[in-house]
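Visitor: Could you take me on a close look at a single part of this structure, and then show me what surrounds it? I would enjoy one connected walk.

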Amino acid sequence: MARISVASGLPDFPWDSLTAAKEKAQAHPGGIVNLSIGTPVDPVAQIIRDALASVSGEPGYPTTVGTLAFREAAVAALERRYAVSGISVDAILPAIGTKEMIAWLPTLLGLGSDDLVVIPELAYPTYEVGALLAGARVTRADGLNRLGPENASLVFVNSPSNPTGKVLPIDHLRKVVAWARERDAVVVSDECYLGLTWEAEAVSILDPRVSDGDHTNLLAVHSLSKTSNLASYRAGFVTGDPALVRDLLEVRKHAGMIVPLPVQAAMTVALTDDDHENAQRERYRARRTELKAAVEAAGFTVDHSEAGLYLWATRSEPCRNTVDWLAERGILAAPGEFYGPGGSQHVRIALTATDERIHAAAERLTP
């Protein structure tokens with residue numbers, strides 16, 4: 001039987017191309033400062049770890065829909081933290097990390113070769129990968145009016161943005177929703193950085209100022225990896241249109257896409273306790289303040305970066321040249337071309353390193 005290689009239709013995994021730069025950075029006498037990925041480095045709060053352990057003795061299968069306690073905590077957190085109201089517990093669905101949810105959403109929603117998926121011009125690579133896994137067509141467009149009369153089946157938005165840290169204003173999000181509704185398209189908003197804003201107000205696609213209280217064909221994807229340091233737990237959820245969430249639930253039940261019960265318990269506490277989240281936000285704020293000043297002192301221009309975990313920086317040269325320049329100083333950053341052609345002269349510099357490593361990077365950059 002002939003084997004079908006799904007991977008053959010996908011782009012190369014971009015971080016594999018950083019091997020030489022990483023080796024150069026590792027050779028620095030002070031060691032590497034790896035700012036190329038957004039992996040949390042700070043400890044998981046004890047209250048969350050205790051919750052994880054509290055149900056570790058349960059032997060039975062968890063439910064795909066998630067525990068009622070988790071869904072109630074998610075509803076309450078959305079309203080308390082982000083002013084999103086009108087969400088029912090039936091419109092909350094846990095995910096095995098939001099990358100999994102984003103990658104499989106086009107497939108789970110039944111998209112195929114006749115469908116067009118719109119992604120941001122500078123975008124997290126998994127939006128494109130998800131469309132390709134479903135066999136759908138992909139186009140990059142921030143200004144949807146540039147698509148003309150062409151219809152789309154799904155539109156991804158990401159505010160605050162990875163990689164740029166750009167925050168989309170309410171009027172822009174309203175226009176996206178209106179454009180999509182004219183075409184009966186689904187809008188999927190990746191909101192994993194919504195709790196990390198520095199210089200602008202970021203709002204959910206489900207905010208009544210955006211949606212007018214109507215969540216039809218709107219989905220918001222939330223992650224606990226960034227604000228609660230739960231990347232290793234694979235902890236996230238999707239919410240919005242109850243009918244779409246119900247459809248996703250039915251498919252995921254058949255496919256066995258189930259979040260482990262201990263992780264659901266940990267998420268419940270993480271969504272209930274704001275103290276650990278506030279403390280983590282302030283850690284990142286302090287790191288951003290130190291690193292941004294050093295990057296600018298080194299002659300970079302930092303564009304956007306009003307929110308999120310990254311500095312979107314440029315020396316007005318090809319991004320791979322900048323990656324090499326930083327690697328000579330023991331610092332590894334991600335080339336902007338990973339995120340689309342518009343990033344060819346930028347690098348993405350992450351704030352996800354310890355205070356000691358951020359300080360080391362700042363010292364190496366300061367003239």
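**A close look at strand β5**

Guide: Strand β5, residues 154–158, is largely enclosed by the rest of the structure, because five of its five residues are buried. Please keep in mind that this is a predicted model. In a regular strand the side chains alternate between the two faces of the sheet. In β5, Leu154, Phe156 and Asn158 are on one side, while Val155 and Val157 are on the other, and with all of them buried, both faces of the strand are covered.

Now for the neighbours in the sheet. β5 is joined to strand β6 (residues 186–190) by five bridges, and the two run parallel. One place to look is leucine 154, which stands opposite valine 186 in β6. To get from β5 to β6, the chain passes through helix α6 (residues 170–182), and this β-α-β crossover is right-handed.

Strand β3 (residues 116–119) is also joined to β5, here by two bridges, and this pair runs parallel as well. The residue to find is valine 118, standing opposite valine 155 of β5. Valine 118 has a bridge partner in β4 too, namely threonine 139. β3 and β4 (residues 137–140) pair in the parallel sense over four bridges. The chain crosses from β3 to β4 through helix α5 (residues 126–133), and this β-α-β crossover is right-handed.

Before leaving β5, go back to Phe156, one of the buried residues of the strand. Phe156 forms one aromatic cluster with Tyr124 and Tyr127.

That cluster leads to the aromatic rings elsewhere. The structure holds seven aromatic pairs. One of them joins tryptophan 312 and tyrosine 339, an edge-to-face pair with 6.3 Å from centre to centre and 80° between the planes. Tryptophan 312 belongs to strand β10 (residues 310–314) and tyrosine 339 to the loop between β12 (334–335) and β13 (347–350), so this pair ties together parts that are 27 residues apart in sequence. Both of these residues are buried, and tyrosine 339 has a relative accessibility of 0%. The ring of tyrosine 339 also pairs with that of phenylalanine 338: their centres are 6.3 Å apart and their planes meet at 55°, so this pair is tilted. Phenylalanine 338 counts as buried because its relative accessible area is 11%, under the 20% cut-off.

The strands on either side of that loop belong to an open sheet of four strands, in the order β9-β10-β13-β12 and with antiparallel pairing. β9 and β12 stand at the edges with a single partner strand each, so one side of each has no neighbour in the sheet. For β12, two bridges make the antiparallel connection to β13, and alanine 334 stands opposite arginine 348 in β13.

Arginine 315 is worth a stop as well. Its charged end sits over the ring of tryptophan 325, 4.3 Å from the centre. The charged end of arginine 315 also sits over the ring of phenylalanine 300, 5.8 Å from the centre.

Glycine 299 is placed in the loop between α10 (275–297) and β9 (301–303). Is this residue buried or exposed? Glycine 299 counts as exposed, because its relative accessibility is 52%, and the cut-off for exposed is over 50%. Its C-alpha atom is separated by 50 Å from that of valine 65, a residue 234 places away along the chain.

Helix α9 (residues 261–272) makes a good next stop. Its 12 residues should span 16 Å at 1.5 Å a residue, and the end C-alpha atoms are 17 Å apart, which agrees. The buried residues of α9 include Val263, Met267 and Leu271. The buried residues of this helix pack against α2 (46–54), α3 (68–82), β2 (92–95), β8 and α10.

β8 also helps to place our last residue, serine 225, which is in the loop between β7 (218–223) and β8 (236–240). Serine 225 is buried, with a relative accessible area of 7%. Leaving aside residues up to four places away in sequence, serine 225 touches Pro40, Leu230, Ala231, Arg234 and Ala235.

Conventions
Residues numbered from 1 in each chain as written. Predicted model: local features only at pLDDT ≥ 70, side-chain atom pairs only at ≥ 80, totals over all residues. Heavy atoms only, no water. Buried < 20%, exposed > 50% of the residue type's maximum accessible area, 1.4 Å probe, protein only. Contact = heavy atoms within 4.5 Å. Phe/Tyr/Trp six-rings, centres within 6.5 Å; stacked < 30°, edge-to-face > 60°. Lys NZ or Arg CZ within 6 Å of the ring centre and 35° of its normal. Expected span 1.5 Å × (residues − 1). Pairing = 2+ DSSP bridges. Right-handed = clockwise from strand over helix to strand, strands pointing away.
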